[in-house]
Amino acid sequence: MNPSKVFGPGGWTPGNLKSLTGKTFVITGANAGAGFEATRTLLSKGAGVVMMNRNRDKSQTAIENLKQEFGSEANISFVRCDLAVLDSVREAATEILTQVPRIDALICNAAIAQVAKQEITVDGFESQLGVNHFAHFLLCGLLFDRIDASGGRIVVVGSNAYKMGKKRIQFADLNFDKNYTAWNSYAQSKLAQMMFAYESQRRIKTAGKRVQVYVCHPGASRTNLLQDTASRFNRILWSVLSRFIAQSAEKGAWPEVMCATEEGLKSERLYGPTRRSQTVGPIDECPLAPLALNEQEANKLWTLSEQKTSFTWSLQPV
Ligand SMILES: NC(=O)c1ccc[n+]([C@@H]2O[C@H](COP(=O)([O-])OP(=O)(O)OC[C@H]3O[C@@H](n4cnc5c(N)ncnc54)[C@H](OP(=O)(O)O)[C@@H]3O)[C@@H](O)[C@H]2O)c1
């Protein structure tokens, strides 16, 4: 799909934001990186933000830092959610439904990447597919009715990696038991997240529901993404390379903030930085490879994801 320029030469920036007072955003993986920076930007406009993080201490520190910046009245809270454990996702969703009456956007931001050696979650998933795709698939399903009642959105943070690696979902060997590579398995997990997002757009339209789903990517951003998971070689390589080719985590957060707030965005689009192979630069529509829009593969993935998470969505295929 050929991208259009919607936001002018400078692209979308937080300068486009109006007051967000009264709105509530729920975001996964918000104690660090792009998720933390998105939280900062949303708070700066008066929004309430609920962070869904796995680590209590890091979350407490993040909250203290944010309250120092925005004052003790800043509307920021934390629900513990380990996306590597589906039971934790279920518990966290129950807590959200009890504590958060309105969800203007659920931002699926958290991820792990470039996991050096194959790791399997307690639910039996290759770790990146489990954390990045299956956990968010379940979380979105569990919170869907609340988001719909709020007229809210789901934002899926993808990656240009979706069109690298094997360029398909490896249904016959989802966990890469044969020929595991850090890159191919990460690429599959981001493709799965994006296929889910575009399939949900189609199903929501068919069902006449109100939820809007948008997909973005942060380009190349200086965050902690590879710190705990990648091989030593890849960590050193990225720490050097990122000084030259990547942008700040703050700019990396702009596409997800835009997708959570901006009016007039479209389905079947990918939003993110538009320069230097979509790694940096003004935020706008980016090229979207047709493989992410493959309906047959997306339906197969949806059915499989329902089985793997033991959760059945009310949304039906087109
Ligand atoms: N940085 C880039 O250049 C780049 C490029 C393309 C796409 N992305 C995407 O951008 C998004 C944000 O990543 P980032 O670059 O900001 O990385 P980051 O700095 O590593 O932040 C990732 C966040 O996800 C959390 N997380 C990881 N595993 C989790 C789990 N099991 N349960 C709950 N939370 C978990 C992390 O928590 P901990 O602090 O506890 O680890 C952290 O808060 C991701 O979707 C990533 O795929 C990033």
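Let me start with Asn 65, which is found in helix H2, residues 56-70. Helices here are DSSP runs of H or I with at least four residues, strands are DSSP runs of E with at least two, and both are numbered from the N terminus. Asn 65 counts as partly exposed because it has 14 C-beta neighbours inside 10 Å. On the cut-offs: a residue is buried if 20 or more other C-beta atoms lie within 10 Å of its own, exposed if 12 or fewer, and partly exposed in between, with C-beta atoms placed from the backbone. The C-alpha atoms of Asn 65 and Cys 259 are separated by 25 Å, and the two residues are 194 apart along the chain.

This is a predicted model, in which local features need pLDDT of at least 70 and side-chain atom pairs count only at pLDDT 80 or more, while totals for chains, interfaces and linings use all residues. Residues are numbered from 1 along each chain as its sequence is written. pLDDT is the predictor's confidence in each residue, from 0 to 100. The protein chain has a mean pLDDT of 97, and 100% of its residues reach 70 or more. Among its elements, helix H6 (residues 232-245) has the lowest mean, 90, and strand E4 (residues 105-108) the highest, 99.

Now the strands. Strand E2, residues 48-53, has 6 of its 6 residues buried. Gly 48, Val 50 and Met 52 cover one side, and Val 49, Met 51 and Asn 53 the other; all are buried. E2 pairs with strand E1 (residues 24-28) in the parallel sense over 5 bridges; two strands pair if DSSP finds at least two bridges between them. In this pairing Val 26 stands opposite Val 50.

Val 26 also leads to the core. It is one of the residues touched by Leu 106, along with Cys 140, Leu 143, Ile 147 and Ile 154, not counting residues up to four places away in sequence. Touching, or contact, is taken as C-beta atoms, placed from the backbone, within 7 Å. Leu 106 and Val 155 have the most contacts inside the largest nonpolar core, which has 91 residues. Helix H4, residues 127-149, gives the largest share of this core, 11 residues. Such a core is a set of buried Ala, Val, Leu, Ile, Met, Phe, Trp, Tyr and Cys residues joined through C-beta atoms within 7 Å.

Val 155 comes up again with Tyr 214, which lies in strand E6, residues 212-216. Is Tyr 214 buried or exposed? Tyr 214 is buried, because 24 other C-beta atoms lie within 10 Å. Its contacts are Arg 153, Val 155, Cys 259, Leu 265 and Tyr 271, again leaving out residues up to four places away in sequence.

Tyr 271 takes us to strand E7, residues 270-275. As 5 of the 6 residues of E7 are buried, the strand is largely enclosed by the rest of the structure. E7 runs antiparallel to strand E8 (residues 280-286), joined by 5 bridges, and Gly 272 stands opposite Asp 284 in E8. The hairpin of E7 and E8 has 4 residues between the strands, and there Arg 276 takes a positive phi near 45°. Glu 268, in the loop between helix H7 (249-261) and E7, also has a positive phi, of about 50°, although it is not a glycine.

Last, the ligand. The ligand is surrounded by 31 residues, the closest being Gly 29, Gly 33, Ala 110, Ala 111 and Thr 223. Near here means a C-beta atom, placed from the backbone, within 6 Å. Helix H1, residues 33-44, contributes the largest share of this shell, 3 residues.

How values were computed. Two residues are in contact if their C-beta atoms, placed from the backbone, lie within 7 Å.
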